[in-house]
Amino acid sequence: MKKRFVAVFFVISMLLMLPAHAATARAIVVAPSIKFDGTTATCYVTISADRPADKISASMELWQGNTLIDSWTGSGTWTLKMEKTATVAKGKTYDLVINYSVNGVEKTPVSTSRTNK
């Protein structure tokens with residue numbers, strides 16, 4: 001009887017230690033970048049949502065200081081990829097700001113900064 005109790009206790013303990021993967025959601029991933037080729041900036045962003053049915057809307061803004069150089073918008077389902085170009089000056093620092101929402105819920109903007117050397 002004692003052996004059976006220990007075996008049942010062991011099995012129950014193991015079941016309680018299993019991770020609850022279904023309860024955890026993936027994080028939304030936003031990956032912006034800027035690349036320069038002379039006086040052309042190529043701005044990229046990839047936004048990956050949690051689920052295949054998630055609707056993504058985004059704007060991508062290129063700033064030089066307080067001056068908006070250009071902006072673009074896009075939308076997609078589950079994953080949104082945008083690639084746009086703008087004319088820029090050498091020796092200046094540019095900020096790429098991504099404003100986005102998932103399923104109509106605004107998220108915290110994400111940005112990256114780079115100098116055109």
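In this predicted model, Val 45 makes contact, beyond its neighbours within four places in sequence, with Val 30, Ala 31, Pro 32, Met 60, Leu 80, Lys 81, Met 82 and Ile 98. Val 45 belongs to strand 2, and its relative accessibility is 2%, so it counts as buried. The C-alpha atom of Val 45 is separated by 10.0 Å from that of Ser 111, a residue 66 residues away along the chain.

One of the contacts of Val 45, Met 60, is a helpful next stop. Residues up to four places away in sequence aside, Met 60 touches Cys 43, Tyr 44, Val 45, Asp 70, Ser 71, Trp 72, Met 82, Lys 84, Leu 96, Val 97 and Ile 98. Met 60 is also among the residues with the most contacts inside the largest nonpolar core, together with Ile 47, Leu 62 and Ile 98. This core has 22 residues. At least two of its residues come from each of strand 1, strand 2, strand 3, strand 5 and strand 6. The most generous contributor is strand 6, which gives 5 residues.

The wider fold can now be placed around these residues. The chain contains 1 helix and 8 strands, and reading from the N terminus its elements follow the order α-β-β-β-β-β-β-β-β. Three of the strands make an open sheet in the order 1-2-5, with antiparallel pairing. Strand 1 (29-37) and strand 5 (79-87) are its edge strands, each pairing on one side only. On average, and with direction ignored, neighbouring strands of this sheet are turned by 10 degrees against each other. Within the sheet, strand 1 and strand 2 (residues 40-48) run antiparallel and are joined by 9 bridges. Ser 33 stands opposite Tyr 44 of strand 2.

A second pairing involves strand 3 (residues 55-64) and strand 4 (residues 67-77), which are antiparallel over 10 bridges. Here Trp 63 has Leu 68 of strand 4 as its bridge partner. The two strands form a hairpin with 2 residues between them. Gly 65, in the turn, has a positive phi of about 65 degrees.

Aromatic pairing is easily listed, as the count comes to 1 pair. The ring centres of Phe 36 and Tyr 94 are 5.9 Å apart and the planes meet at 50 degrees; this angle falls between the 30 and 60 degree limits, so the pair is tilted. Because Phe 36 lies in strand 1 and Tyr 94 in strand 6 (residues 93-102), the pair ties together parts that are 58 residues apart in sequence. Phe 36 and Tyr 94 are both buried.

Strand 6 also holds Ser 101. With a relative accessibility of 8%, Ser 101 lies under the 20% limit and therefore counts as buried. Apart from neighbours within four places in sequence, Ser 101 is in contact with Lys 55, Ile 56, Ser 57, Glu 106 and Lys 107.

Some totals for the chain round off the picture. Of its 117 residues, 26% are buried. Among contacts between residues at least 6 apart in sequence, 54% join residues at least 24 apart. The accessible surface comes to about 8,000 Å², and carbon and sulfur atoms account for 58% of this area.

How values were computed:
Residues numbered from 1 in each chain as written. Predicted model: local features only at pLDDT ≥ 70, side-chain atom pairs only at ≥ 80, totals over all residues. Heavy atoms only, no water. Pairing = 2+ DSSP bridges. Helix = DSSP H or I, 4+ residues; strand = E, 2+ residues; numbered from the N terminus. Axes fitted to C-alpha atoms, helices over the stretch in contact; angles between N-to-C directions. Phe/Tyr/Trp six-rings, centres within 6.5 Å; stacked < 30°, edge-to-face > 60°. Buried < 20%, exposed > 50% of the residue type's maximum accessible area, 1.4 Å probe, protein only. Core = buried A, V, L, I, M, F, W, Y, C linked by side-chain atoms within 4.5 Å. Contact = heavy atoms within 4.5 Å. Areas by Shrake-Rupley, 256 points an atom, 1.4 Å probe, with all protein chains shown as cover.
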